[in-house]
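Work through the exercises below with the model open in your viewer. Try each task before you read its solution.

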Amino acid sequence: MDRMTVCETVDPSSILGRRTYLVGCAELVRHPIRNGTPVRAWGFKSLSYRLEVKTKKYISWIILIIEILVIIFLIKNLDQLREIISPRADLIIEEIKFVPTVVPTEKVIPTLIPTITKKIIKPIPTIDNEPWGVAKQIDEVTWAMKIGEDEKMATAREIHDALNEYRKVQESQILNWDEKLGNYAQERAKYLNGIKSVDKHAGFNDFMENQDGFNKLRFTALGENISYGYKLNGVHVIEWMYAGDKPHNDNQVDNRWDHVGIGVDGLATCVIFATGRF
């Protein structure tokens, strides 16, 4: 054989004659002996072995091709196989609704315990850039002025005295006190202190035009100066406050006036000027 690897000689005196057994490739082949030496011969056994090997190779290739074809078939028909192996089932979903059950509960009325809290208010200072002693016009007949306050408010008589002293300096005639003018001026001051402001002479104009004010006061011409918010003595009322702007100052030094009435209530003042008494 062509792949023989081991040669072993058998006893020549055996009953089998001069023969030997050659061992190779798990096959035992008996060969004749010449002159006591085994002969290496090529026989049908070697050819048969070759055919057997080739046949096994062909069978292996055939099996491999069949397996590939089977795999291709399975891939192409995968969806059908899934239906066969795991058939789809229609899913039925039922909605479960929970109906709440109303269980009456006992009402609990809370007891309110009042608590006392202290609130601390801290004043925030505002920046005031207005100059001192300078009157600033608010509207057609109203002016404001930044001035300091005195310890107490002047009386009507103190304001009257300060007014006449100021008029003397301005070379205007002295104003005589009139009781009716004084009473009306006191009513006006009380009203202004009640509203905590001035009224742009609305009350004075209404009294003169609609309430027969000229006949009630017995004068043919009248004028008015009013203020609110200043605690001043008599001199400061006349020379600081009313003298701070031209319209009020012109009114209090007007030389045609010869009578006056003054009212004071809280922080409000009213000065009624008059002439042409009848």
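The exercises cover the whole chain, one sheet, a helix pair and two loop residues.

**Exercise 1. The chain as a whole**

Task: How many helices and strands are in the protein chain, and what percentage of its residues is buried?

Solution:
- Note the origin first: this is a predicted model.
- Count the elements. The protein chain has 8 helices and 10 strands.
- Turn to burial. Of the 278 residues, 29% are buried.
- Take the surface next. The accessible surface is about 21,000 Å², and carbon and sulfur atoms hold 58% of it.
- Finish with contacts. Among those with a separation of 6 or more, 62% link residues 24 or more positions apart.

**Exercise 2. The order of a sheet**

Task: In which order do the 4 strands of the open sheet lie, and which are the edge strands?

Solution:
- Write down the order: β7-β9-β10-β8, with mixed pairing.
- Read off the edges. These are β7 (176-177) and β8, each of which pairs on one side only.
- Add the helix. Helix α4 (residues 179-195) lies across β7, β8, β9 and β10.
- Give its direction. Helix α4 runs at about 30 degrees to β9.

**Exercise 3. The partners of β10**

Task: How many bridges join β10 to β8, and how many join β10 to β9?

Solution:
- Start with β8. Strand β10 (residues 268-277) is joined to β8 by 9 bridges, and the two run antiparallel.
- List some partners on this side. Ile-226 bridges to Cys-270 in β10. Glu-224 bridges to Ile-272. Ala-221 bridges to Thr-275.
- Go to β9. Strand β9 (residues 259-265) is joined to β10 by 7 bridges, again antiparallel.
- Pick one partner here. Gly-263 bridges to Cys-270 in β10. Cys-270 is thus met on both sides, by Ile-226 and by Gly-263.
- Look at the turn. The hairpin of β9 and β10 has 2 residues between the strands. Gly-266 takes a positive phi there, near 60 degrees.

**Exercise 4. Burial in two strands**

Task: How many residues of β8 and of β10 are buried?

Solution:
- Apply the cut-off: buried means under 20% relative accessible area.
- Check β8 (residues 219-228). Of its 10 residues, 8 are buried, and the strand is mostly covered.
- Check β10. Here 8 of the 10 residues are buried, so β10 is largely enclosed by the rest of the structure.

**Exercise 5. A helix pair**

Task: At what angle do the axes of α3 and α8 cross, and which residues meet?

Solution:
- Recall the two quantities. Packed helices are described by the angle and the distance between their axes.
- Fill them in. The axes of α3 (residues 156-169) and α8 (residues 246-253) come within 10 Å and cross at roughly 90 degrees.
- Classify the angle. The range 65 to 115 counts as roughly perpendicular. Helices α3 and α8 are therefore roughly perpendicular to each other.
- Name the residues. Leu-163, Tyr-166 and Arg-167 of α3 meet Asn-249, Gln-252 and Val-253 of α8.
- Sort that contact by class: 3 nonpolar, 2 polar and 1 charged residues.

**Exercise 6. Positive phi in a loop**

Task: Where are Lys-196 and Lys-200 found, and what is phi of each?

Solution:
- Set the background. Most residues other than glycine have a negative phi.
- Take Lys-196. Its phi is positive, near 55 degrees. Lys-196 sits in the loop between α4 and α5 (202-210).
- Take Lys-200. Its phi is near 60 degrees, also positive. Lys-200 lies in the loop between α4 and α5 as well.

Methods: Residues numbered from 1 in each chain as written. Predicted model: local features only at pLDDT ≥ 70, side-chain atom pairs only at ≥ 80, totals over all residues. Heavy atoms only, no water. Axes fitted to C-alpha atoms, helices over the stretch in contact; angles between N-to-C directions. Parallel < 35°, antiparallel > 145°, perpendicular 65-115°, else oblique. Contact = heavy atoms within 4.5 Å. Nonpolar A, V, L, I, M, F, W, Y, C, P; charged D, E, K, R; others polar. Buried < 20%, exposed > 50% of the residue type's maximum accessible area, 1.4 Å probe, protein only. Areas by Shrake-Rupley, 256 points an atom, 1.4 Å probe, with all protein chains shown as cover. Pairing = 2+ DSSP bridges.
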